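Colleague: I want the reasoning behind the labels on this model. Take me through them one at a time.

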Amino acid sequence: MNPLHQFEIQKLINLNLFGYDISFTNSALFMMIAICGLSALFLYSAIKYRTIPNRLQALVEISYNLIAGMVNDNAGKEGMRFFPLIFSVFFFVLGGNLIGMIPYTFTYTSHIIVTFGLAMMVFLFVTILGFVIHGVHFFGFFVPKGVSIFLTPIIVPVEIISYLSRPVSLSIRLFANMMAGHTMLKVFAGFCVSLGVVYGIAPLAINILLTGFEIVISCLQAYIFTILSCIYLNDAIHMH
């Protein structure tokens, strides 16, 4: 079986609006499943709140403290106003990464259009925020302090290109890691089937190790995406 078949977008409900295809797909389905599942988890933990937390409540509280600490450490107290956004971004990415580890599901973060859309949303938000807070002085972000006036014509274009490449690098990093990891899992799973019971033991053992490794990578990529978003938020609030 083609290891890339798992990334194919399939239409579940055909929809058209003014000539545009807005069909409900397997990607949209698993986005909804991830969002609804995570929302139900947090709501249940809040409703069933205990002074002495159980394992589920402890997990939710640890997650909350992790993201709160990440925002505070990288964007300061001013950045805590945007904690709900960062919290949502983290769990949207984490949910997409982990839900794809379940057989017969779909990893929506393995598609560049999803990761780029999310990265562009963060990029536009922090850019607009920077201009709202600093006005035209935000253009000073592209002129590092202490740079010689003679080097400014060279440094400024480099800084602008570096800034504009943020959503590209942010999206490609996540998409590439998810796609590569799931492709490798599928390849070794195919070896297990094609080599039979005896010779398939080795690729099966490798696949088990790769599964654990991929779960770690899924969590790590969500963390990296979020912490970079916090750094961009800090740049918008405090500039250099």
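Colleague: By class, what makes up the lining of the largest cavity?

Modeller: This is a predicted model, so keep that in mind throughout. The lining has six nonpolar, one polar and no charged residues. Its members are Leu-85, Ile-86, Val-122, Phe-125, Val-126, Ser-229 and Leu-233. Ser is outside the nonpolar and charged lists, so Ser-229 counts as polar.

Colleague: Which helices supply at least two residues each of that lining?

Modeller: They are α3 (83–99), α4 (112–134) and α7 (201–238). The most comes from α4, with three residues.

Colleague: How many cavities of 30 Å³ or more does a search of the whole structure find?

Modeller: One. About 30 Å³ of space lies in the largest cavity. A cavity is a space where a 1.4 Å probe fits but cannot get out.

Colleague: What is the volume of the largest pocket?

Modeller: About 670 Å³. A pocket, unlike a cavity, is an open set of points. The largest pocket is lined by 23 residues, and the closest to its centre are Gln-6, Ile-102, Pro-103, Tyr-104 and Lys-186.

Colleague: Which helices each supply at least two residues of the lining of the largest pocket?

Modeller: α1 (26–47), α6 (166–199) and α7 do. The largest share, four residues, comes from α6.

Colleague: What is the lining of the largest pocket like by class?

Modeller: It has ten nonpolar, eleven polar and two charged residues. Lys is on the charged list, so Lys-186 counts as charged.

Colleague: And the second largest pocket: how many residues line it?

Modeller: The count is 14, and nearest its centre lie Leu-38, Phe-91, Leu-94, Gly-95 and Leu-98. The elements giving two or more residues to this lining are α1, α3 and α7. With six residues, α3 gives the most. The volume of the second largest pocket is about 270 Å³.

Colleague: How do the residues of that lining divide by class?

Modeller: Into 13 nonpolar, one polar and no charged. Gly counts as polar, so Gly-95 falls in the polar class.

Colleague: Now the cysteines. Why is Cys-219 too far from the closest cysteine sulfur for a bond?

Modeller: The closest cysteine sulfur is in Cys-230, 17 Å away. A disulfide needs the two sulfur atoms within 2.5 Å, so this pair fails. Cys-230 is in no disulfide, and its nearest cysteine sulfur is that of Cys-219. A search of the whole structure finds zero disulfides.

Colleague: Is Cys-219 buried, exposed or partly exposed?

Modeller: Partly exposed, because its relative accessible area is 34% and that class runs between 20% and 50%. Cys-230 counts as buried because its relative accessibility is 0%, and the cut-off is under 20%.

Colleague: On to the rings. What makes Phe-131 and Phe-138 an edge-to-face pair?

Modeller: Start with the total, which is 17 aromatic pairs. In this one, Phe-131 and Phe-138 lie 5.1 Å centre to centre, with 65° between the planes. Pairing needs centres within 6.5 Å, and edge-to-face needs planes over 60 degrees apart, so both tests are passed. Phe-131 is partly exposed, at 32% relative accessible area. Phe-138 counts as buried, at 1%.

Colleague: Why is the pair of Phe-142 and Tyr-163 edge-to-face?

Modeller: The ring centres are 5.4 Å apart and the planes stand at 85°, so the pair is edge-to-face. This pair links distant parts of the chain, 21 residues apart. Phe-142 sits in the loop between α4 and α5 (152–164), and Tyr-163 is in helix α5. Both Phe-142 and Tyr-163 are buried.

Colleague: Which residues do ring pairs link into a cluster?

Modeller: Phe-123, Phe-131, Phe-138, Phe-139, Phe-141, Phe-142 and Tyr-163.

Colleague: Last, the whole protein. In what order do the elements run from the N terminus on?

Modeller: β-β-β-β-α-α-α-α-α-α-α. That comes to seven helices and four strands. The C-alpha trace spans about 70 × 50 × 45 Å along its principal axes. Of the 240 residues, 37% count as buried.

Colleague: Among contacts between residues at least 6 apart in sequence, how many join residues at least 24 apart?

Modeller: 67% of them do.

Note on methods. Residues are numbered from 1 along each chain as its sequence is written. This is a predicted model: local features need pLDDT of at least 70, side-chain atom pairs count only at pLDDT 80 or more; totals for chains, interfaces and linings use all residues. Side-chain values use heavy atoms; hydrogens and water are left out. Buried means under 20% relative accessible area, exposed over 50%, partly exposed in between (1.4 Å probe, protein chains only). On a 1 Å grid over the protein atoms alone, a cavity is a set of points where a 1.4 Å probe fits but cannot get out, and a pocket is an open set with protein on both sides within 12 Å along at least five of seven lines; lining residues have an atom within 4 Å of a point. Grid points are joined across faces, edges and corners, and a volume is the space filled by probe spheres set on the points. Rings of Phe, Tyr and Trp (its six-membered ring) pair if their centres lie within 6.5 Å; planes under 30 degrees apart count as stacked, over 60 as edge-to-face and the rest as tilted. Contact means heavy atoms within 4.5 Å.
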